[in-house]
Amino acid sequence: MTPIESTAAIIAGTIILFAWNRLPVTIVAMAAALSLWAMGVVTLEQALAGFGDRAVLFIASLFIVSAALEKTGVTAWAGQLLIAKAGENKRSRLLIIIMSAVGCLAAVISGGGAVAALMPVVVMAAVRLRQSPSQLLMPLAFAAHAGSNMLLTGAPKNILVSEALEDIGLLGFGFAEFALVGLPLLAGTMAIILVLGKWLLPEQTSARLPADFSQHAQTLVEHYGIADGVFRLRVRATSPYIGMAPAQLDVANYPQLGLIVVQAGATGLPLRAPIISEGDYVLVRGAAEVVATFSAEKHLALREDEGATGDSLFSRSSGLAEVVIPPRSALIGRPMFPGMVTDSGDLVVLAVQRAGVDLDPSASYLQAGDTILLEGSWKALDLHLDDPDVLVVNSPDLVRRQAVPMGTGAGVAIAVLAGLVFLLATGIVPPAVAGLLAACALILTGIITVEQSYRAIHWTTVILVGAMMPLSIAMVQSGAAQLVAGHLVALTGDAGPTVFLAGLFILTASLGQIMSNTATTMLVIPIAMASAASMGVSPRPILMSLCIAGSASFLTPIATSTNLMVMGPGGYSFGSYWKLGTPLMIWFFIMAVFYVPLIWRF
């Protein structure tokens, strides 16, 4: 077989296996890359070079940035804003906000960066509004395709077509000139998705979706019957408790009030100092009215300075965790009662239940299956609940990410994100360098650990992108793409520029379903320029039409990295994309063939 025939056969087999959806997509992609090497179409270095490609590194770094934003509560905060703007169960309004946001962001930092930044926010909004993420994530990716056409910085292909004009002595496209076509593209994309998306998108949920812990504190309060509520009261400078030993603190005069523990400052840890000082906290349980009277008489202030989540149980520094006693636990038979401090000295027991009923404090000896509600600093909860003697019901780390918006380190994470956006928008450094710098900054500042960064990367996406890159190399290197393009020009070039634009769109968009739009654009630009010269027309509308066709990557998940990024979280299969992608392809075709010549004349 010739290299062209081998390439065609491997591409056809890869598409069939992807559509069959019985084998893991990473196995199919790796098999395609190795088959190209085995058939002699590419070298071994070329077959494996995709895993070290800068686009792959950029995508991996974006996953780390996204994880840092989620860990510090920035994602939860942005999700709350999104939900507040959208309103309860307002699918159309939510979609409009999502697509507008990603379209504008994609124009500045590229579609991949925009989708990576907003994807966790969209997933969280879907979970909390009881919407299927599959109804939101594909619109997120497709709107990013349209938005990338609004500014010169939206995608590398925009710069390529502009430079092609400059290379022949013409004025390149202006920074905002793309908006003449980008804005209508985005508006039409949004309209099509709003009208047809509900029927053309699957109604399914990925197993990767997180649980909703936004109201977790209230859920625990109701389950454990802490109806009166738990309050943290800060000791003021004028409080009579200053200088008093914690054991001397007495609330006997307030029969409806229960003292739990005295905590050292804002740490959330039980006080170990011999006396109480200004800034320490008194943790009490009781009715709000009684607590208000108590705090006023004892010169105590409700703890509202650290961004508590509404009921003072969750704050930036401390929170709650629920654990179950497993069989054969060393804690079985030990006493446990509310107000007790654990052996570690930094966790406080708020409630103990057996089969949903509170244990009698006078006879509270633990048995297998008992549940305990613990309070303490987030650090202490993470550290001490990694213990074989208890089973944690919900990870404190996951709870904190959602229940405490804008938590510790949020400012640093936002600053790093802003720096990433600045570097991508200005082009001071290549995108891969900008992404790696952002990821390293987050690790060095302690926002995310090296181990957490490894876990944050969606390796299926990374491997798939890297393994599919040899196909693009094979298309060019074997001459297959050039052969197809040459035949197309011969068939349509003599029929006029409009027919040529139609053929150019079909060629570019077809190649774009299996090749990166950058590689496709680079391949077709010389053909477009030569055709414009032979037809005696301006290359400006032809190159802008080519730019639109390069964005029409809607039919397969392997078309772009943005399509791949939403595949796992959205629970999509290979065949999920073409249904909504087809009407969008028609819209992009109309814009490229009929609208562009009205703005940029032949």
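**Close-ups of a predicted model**

**View 1. A nonpolar patch on the surface.** Helices α2 (25–38) and α3 (44–48) each put at least two residues into the nonpolar patch shown here. Keep in mind throughout that this is a predicted model. Which residues make the patch? They are Leu34, Trp37, Leu44, Leu48 and Phe51, and the surface they make comes to about 430 Å². Phe51 sits in a loop, the one between α3 and α4 (54–71). With a relative accessible area of 31%, Phe51 counts as partly exposed, so it gets past the cut-off of over 30% that patch residues have to meet.

**View 2. Strand β2 and its partner β3.** Start with β2, which covers residues 257–263 and is mostly covered: 5 of its 7 residues are buried. Alongside it runs strand β3 (residues 281–286), and the two pair in the antiparallel sense over 6 bridges. To find your way in, look for Gln263, whose bridge partner in β3 is Tyr281.

**View 3. An open sheet of five strands.** What is the order of the strands in this sheet? Reading across, the 5 strands go β7-β6-β8-β5-β9; the sheet is open and the pairing is antiparallel. At the edges you find β7 (357–358) and β9 (391–392), each pairing on one side only. As background, strands of a sheet pair through backbone hydrogen bonds, and they can do this in a parallel or an antiparallel way.

**View 4. The β7 edge of the sheet.** Zoom in on β7 and its neighbour, strand β6 (residues 347–354): 2 antiparallel bridges join this pair. One handy landmark is Gln353, which stands opposite Asp358 in β7.

**View 5. Strand β8, with a neighbour on either hand.** How many of the residues of β8 are buried? The count is 7 of 7, so to speak the full strand is covered. One neighbour is strand β5 (residues 318–324), which pairs with β8 in the antiparallel sense over 7 bridges. Along that pairing, Ala321 stands opposite Leu374 in β8. The other neighbour is β6, joined to β8 by 6 bridges, again with the strands running antiparallel. Here the residue to look for is Leu347, which has Gly376 in β8 as its bridge partner.

**View 6. Ser377 and its polar contact.** Ser377 belongs to strand β8 (residues 371–377). Is Ser377 buried or exposed? Its relative accessible area is 7%, so Ser377 counts as buried. Its side chain reaches the backbone nitrogen of Ala380 at 3.1 Å.

**View 7. A salt bridge between β6 and a loop.** The two partners in this view are Asp370 and Arg354, with their closest N and O atoms 2.8 Å apart. Asp370 is in the loop between β7 and β8 while Arg354 is in strand β6, so this salt bridge ties together parts that are 16 residues apart in sequence. Asp370 is buried, at 1% relative accessibility. Arg354 has a relative accessible area of 25%, so it counts as partly exposed.

**View 8. A salt bridge that links distant stretches of sequence.** How many salt bridges does the model have? The count is 2, and one of them joins the side chains of Arg540 and Glu177, at 3.8 Å from N to O. Arg540 lies in helix α22 (residues 539–551) and Glu177 in the loop between α9 and α10 (179–200), so the pair ties together parts that are 363 residues apart in sequence. Arg540 is buried, with a relative accessible area of 17%. Glu177, at 21%, counts as partly exposed.

**View 9. Asn158 and Leu543.** Now go to helix α9 (residues 156–167), where you will find Asn158. Asn158 is buried, with a relative accessible area of 0%. Along the chain, Asn158 and Leu543 are 385 residues apart, yet in the model their C-alpha atoms are separated by 9.4 Å.

**View 10. Two cysteines to compare.** How do Cys440 and Cys547 sit in the model? Cys440 has 44% relative accessibility, so it counts as partly exposed. Cys547 has 0%, so it counts as buried. A disulfide is a covalent bond between the sulfur atoms of two cysteines. For this model, the disulfide count comes to 0.

Conventions: Residues are numbered from 1 along each chain as its sequence is written. This is a predicted model: local features need pLDDT of at least 70, side-chain atom pairs count only at pLDDT 80 or more; totals for chains, interfaces and linings use all residues. Side-chain values use heavy atoms; hydrogens and water are left out. Buried means under 20% relative accessible area, exposed over 50%, partly exposed in between (1.4 Å probe, protein chains only). Helices (H or I, at least four residues) and strands (E, at least two) are DSSP runs, numbered from the N terminus. Two strands pair if DSSP finds at least two bridges between them. Patches are made of residues with over 30% relative accessible area and no salt bridge: like charges are joined within 9 Å, nonpolar side chains (Val, Leu, Ile, Met, Phe, Trp, Tyr) within 5 Å. Accessible areas come from the Shrake-Rupley method with a 1.4 Å probe; for residues, only the protein chains shown count as cover. A salt bridge is a side-chain nitrogen of Lys or Arg within 4 Å of a carboxyl oxygen of Asp or Glu. A polar contact is a pair of N or O atoms within 3.5 Å; within protein, one must be able to donate a hydrogen and the other to accept it, and residues adjacent in sequence count only if both atoms are side-chain atoms. A disulfide is a pair of cysteine sulfur atoms within 2.5 Å.
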